Amino acid sequence: MSRIASPIDQIAQHYEVLVIGSGYGGGIAASRMARAGRRVGLLERGKEILPGDYPNTLVQAAEQFQLHEPNGHIGSRTGLFDFHVNEQQNVLVGCGLGGTSLINANVSLEAKPDVFDDTRWPLSIREHRDTLLRDGYARAREMLKPNPYPETNAPLAKMAAHQHSANKMGQVKEFYRTPINVNFESLPNNKNHVGVEQLPCNNCGDCVSGCNNKAKNTTLMNYLPDAWNHGAEIFCQTAVSHIEKAADGWLVHYQYVGTGREKFDAPTQFVKADIVIVSAGTLGSTEIMLRSQQKGLPLSDQLGHHFSGNGDILGFGFNTTQKINGIGFGDSKPADRLPVGPCITSVIDLRDQTKYEHRMVIEEGSIPGAIGKIMLPMLSTTGDLIGKNDAPSFMDRVKQKARSWASLWRGPYFGAIQNTQTYLIMSHDDSKGRMVLDAKNQLRIDWPGVGTAENVEVGNARLNAATKALDGIYVPNPIWSDLFKHAIVSVHPLGGCVMGEDAAQAVVNHKGQVFSGKSGTAVYNNLYVTDGSVIPTSLAVNPLLTISAISERAMQLLAQDRGWAIDYTLPSAPKRSVVEDKLGIQFTETMTGYFSTAFTQAASTNLPLYEQAYQRGKSDDSAMSFTITVDSDDLEKLISDPKHPATMAGTLTAPALSAKPMTVTHGVFNLFEVYPEQVGVRHMNYNMRAIAEDGNNYYFSAFKSVPSDHSPFKIWHDTSTLYVTVYRGIDKRGEVLGSGVLHIQPSDFVKQMTTMKVSNAKNEQERIAAIARFGKYFAGVLWENYGGILAGKQDEKS
């Protein structure tokens with residue numbers, strides 16, 4: 001499977017349509033706008049993780065966790081599992097190209113029609129249930145390819161146990177197999193409808209830690225490559241901070257995360273767009289819009305309100321008398337394991353209940369093999385503390401203990417854990433949560449009493465009944481207890497930028513257009529939100545298909561309003577060549593100094609002239625600085641190519657040129673390139689474009705001089721001093737605007753060393769070897785240029 005994300009240095013100055021996020025809302029927006037013939041850019045804060053690279057051990061999974069908690073952020077900003085810790089309502093979402101689709105259970109069920117009768121939905125949505133919304137559901141199914149687990153495939157123990165629970169609960173007719181976005185058949189040439197390699201499901205059960213088997217239909221397998229097929233440009237590790245209105249469109253401010261820029265407190269980068277579609281997920285979109293409002297963008301006061309956890313309830317039927325096989329394969333061989341099946345394969349559908357709070361679905365699940373080993377101590381402890389054990393006799397409890405010992409000694413594929421059913425309920429809550437920015441500018445969720453609402457009490461009672469049918473111990477979500485104030489976890493957050501009739505009721509209209517004030521129906525015509533954040537009520541079912549239908553509908557209306565035609569023809573196929581992954585290296589560097597517009601000579605090697613410009617800039621208080629990320633996607637080329645090329649992206653700050661920081665793109669870095677004009681001299685070259693918010697372009701051309709006739713004591717000075725010339729425009733053909741000198745401060749150099757990373761290493765040994773390879777080359781050049789002086793002196797003494 002080929003990568004579709006582009007290097008960040010290739011981001012354009014301007015896009016006709018810019019999409020923020022890559023889940024169902026963002027993937028659909030990018031695909032449909034690209035199919036409408038627009039120039040589309042997409043920003044995703046996470047990394048592009050391909051099948052085969054998802055975590056399948058406990059260590060790997062731990063490395064992919066990031067936590068947002070009251071005291072700050074913990075872990076990698078690009079960690080796949082993004083957990084938001086709050087006092088009452090916790091949320092887990094995905095972070096990566098594909099958004100939460102990478103770690104969800106793929107269930108594609110429609111919301112019941114009566115959901116849309118609620119007056120919190122705009123009238124236009126209610127009227128379009130059988131027209132545009134119906135078309136949206138159909139188009140989403142066409143791309144996501146949902147189907148139930150085949151009757152002809154291997155029987156699944158967890159599905160059989162769930163059916164047994166339904167029968168015992170008197171819900172025989174309410175049990176059925178769920179449609180899931182998983183491929184179960186061999187495709188021609190192993191290629192799907194958008195030209196992506198796809199294989200049949202191998203029943204590993206690791207859906208929610210990322211499908212390594214290329215079977216799960218995440219947006220990375222359909223909408224996103226389809227957008228790429230039609231020309232969309234996709235950029236990862238670009239965390240959007242806020243949106244700013246510009247005279248001719250929008251400025252979208254972002255930070256290149258996972259590169260170490262945060263260590264230097266670097267300013268945001270930006271990109272311009274005519275139309276912006278915010279699809280960063282319920283939490284992400286709301287956070288971006290809150291920051292935008294904080295920075296002066298007029299928006300509805302309803303922003304952040306009407307948060308719903310979709311009535312999510314998690315529980316476990318621990319240590320039952322039936323085999324469940326609910327722990328995924330992880331890093332074990334499929335031949336050694338009984339089939340687990342996709343994460344969710346069946347449902348007990350109770351959405352026709354009379355009382356609103358009693359309407360819900362109960363689904364069985366699986367636990368990824370990566371965390372299987374920690375399930376026994378967790379469930380044993382919580383089962384003793386808060387579990388409900390309905391084992392009818394003393395001997396039954398003895399057997400329970402024996403199964404626990406079997407799991408302890410033989411692992412999670414035996415005994416009590418092998419006999420544990422995982423449950424997930426979606427129900428109706430009152431959507432009265434609120435998202436706000438705290439004093440640290442972090443998103444927080446406030447929702448007192450959410451864990452003691454009637455739907456939660458009823459849901460847990462039903463899960464207890466489902467477990468009792470299996471003669472097991474019902475263990476509710478461990479944090480749903482008095483100790484943790486009945487806090488709950490949602491994996492299906494909704495709301496925050498809800499749709500409605502006007503700004504007094506909602507944040508966006510039925511098309512997803514953002515209201516431009518606190519009241520009335522006036523909107524920003526070119527600013528949209530389309531993802532789970534616009535859903536104004538709970539759905540009592542897995543929301544992905546409804547989010548997709550709403551997003552399909554919004555894009556159809558956006559195109560119709562502008563007279564654009566979306567070509568929905570399938571299949572589509574890649575139209576661009578892809579680059580083979582190679583070992584690469586990356587680091588982030590900050591340099592500071594002074595710049596003067598009084599020195600407008602063309603670039604030269606007259607170093608004293610640059611020093612004069614530096615002194616003049618210093619006396620005029622004309623500072624200059626940059627924070628750039630140098631990225632080589634081919635370490636061997638960086639070392640062996642005579643030009644030693646890499647790319648650069650980041651920010652340049654120079655008040656003499658622009659009052660606000662400029663964004664650096666199309667940067668080229670040359671490491672120790674031989675400078676032919678001077679024998680024995682090498683240059684580290686920095687050439688890059690700098691784009692100002694007012695639209696002006698500047699070309700930054702600079703070099704570090706590494707001669708062979710300097711004392712070794714000048715190594716630091718030479719490798720940390722940059723001689724700068726700035727031109728107007730996008731290359732050296734423009735007029736010279738000034739010169740100066742920048743330096744690396746020792747404290748910044750220490751930080752820089754911590755940002756060095758290796759890309760595409762298959763394992764830790766390969767990563768360490770790549771670092772050593774780069775270090776050996778770097779040190780070797782320095783010894784070649786400076787060590788000769790010492791060697792010569794030794795020769796003279798001898």
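Over how many bridges do strand β26 and β27 pair, and in which sense? In this predicted model, strand β26, which spans residues 662-674, is paired with β27 in the antiparallel sense over eight bridges. Within this pairing, threonine 663 stands opposite isoleucine 691 of β27. Strand β27 also pairs with strand β28 (residues 697-706), again in the antiparallel sense and here over ten bridges, with methionine 684 standing opposite lysine 704 of β28. The hairpin formed by β27 and β28 has five residues between its strands, and in this hairpin glycine 695 takes a positive phi near 95°. As for its surroundings, β27 (residues 682-691) is mostly covered, nine of its ten residues being buried.

A second region is organised around an open sheet of seven strands, in which the pairing is antiparallel and the order is β7-β13-β14-β16-β12-β19-β15. The edges of this sheet are formed by β7 (175-177) and β15 (388-389), each of which pairs on one side only. Helix α5 (residues 157-168) packs on the sheet and touches β7, β13, β14 (360-365) and β16 (421-427), and the direction of α5 makes about 145° with that of β14. Helix α11 (residues 454-468) likewise packs on the sheet, where its contacts are with β12 (313-318), β13, β14, β15, β16 and β19 (473-476), and the direction of α11 makes about 20° with that of β12.

The pairing in this sheet can be followed from the edge strand β7 inwards. Strand β7 is joined to strand β13 (residues 346-350) by three bridges, the two strands running antiparallel, and the bridge partner of arginine 177 in β13 is serine 346. Strand β13 in turn pairs with β14 in the antiparallel sense over four bridges, and valine 347 stands opposite glutamate 363 of β14. On the next step, β14 and β16 pair in the antiparallel sense over six bridges, with glutamate 364 opposite tyrosine 423 of β16.

The position of β14 merits separate description. Six of the six residues of β14 are buried, so the strand is largely enclosed by the rest of the structure. In a regular strand, side chains alternate between the two faces of the sheet. For β14, both faces are covered, since Met360, Ile362 and Glu364 on one side are buried, as are Val361, Glu363 and Gly365 on the other. Glutamate 363 and glutamate 364, which were described above as standing opposite valine 347 and tyrosine 423 respectively, are thus among the buried residues of this strand.

Another open sheet consists of five strands in the order β4-β3-β5-β6-β20, and its pairing is mixed. Strands β4 (72-75) and β20 (488-490) stand at the edges with a single partner strand each, so that one side of each is left without a neighbour in the sheet. Neighbouring strands of this sheet are turned by 20° against each other on average, direction ignored. At the β20 edge, three bridges join strand β6 (residues 89-94) to β20, and these two strands run parallel; the bridge partner of glutamine 89 in β20 is isoleucine 488.

Helix packing was examined for α4 and α12. Two packed helices are described by the angle between their axes and by the distance between those axes. Helix α4 (residues 132-144) and helix α12 (residues 544-562) pack at an angle of about 115°, with their axes 7 Å apart, which makes α4 roughly perpendicular to α12. The crossing of these two helices is right-handed. Residues of α4 that make the contact include Leu132, Leu133, Gly136, Tyr137 and Leu144, while those of α12 include Leu544, Leu545, Ala549, Ile550 and Leu557. Charged residues also take part, among them Arg139 and Arg141 of α4 and Glu552 and Arg553 of α12.

Two individual residues complete the description. Histidine 242 lies in strand β9 (residues 238-246) and is buried, with a relative accessible area of 9%. The side chain of histidine 242 makes a polar contact of 3.0 Å with the side chain of serine 241. Beyond residues up to four places away in sequence, histidine 242 touches Leu251, Val252, His253, Ile288, Arg291, Ser292 and Lys295. Glutamine 615, by contrast, is found in helix α13 (residues 607-619) and is partly exposed, with a relative accessible area of 46%. Glutamine 615 and tyrosine 594 are 21 residues apart in sequence, and their C-alpha atoms are 7.5 Å apart in space.

Methods: Residues are numbered from 1 along each chain as its sequence is written. This is a predicted model: local features need pLDDT of at least 70, side-chain atom pairs count only at pLDDT 80 or more; totals for chains, interfaces and linings use all residues. Side-chain values use heavy atoms; hydrogens and water are left out. Two strands pair if DSSP finds at least two bridges between them. Contact means heavy atoms within 4.5 Å. Axes are lines fitted to C-alpha atoms, for helices over the stretch in contact, and angles run from 0 to 180 degrees between N-to-C directions. Buried means under 20% relative accessible area, exposed over 50%, partly exposed in between (1.4 Å probe, protein chains only). A polar contact is a pair of N or O atoms within 3.5 Å; within protein, one must be able to donate a hydrogen and the other to accept it, and residues adjacent in sequence count only if both atoms are side-chain atoms. Angles under 35 degrees count as roughly parallel, over 145 as roughly antiparallel, 65 to 115 as roughly perpendicular and the rest as oblique. A crossing is left-handed if the near helix is turned anticlockwise from the far one by less than a right angle, and right-handed if clockwise.
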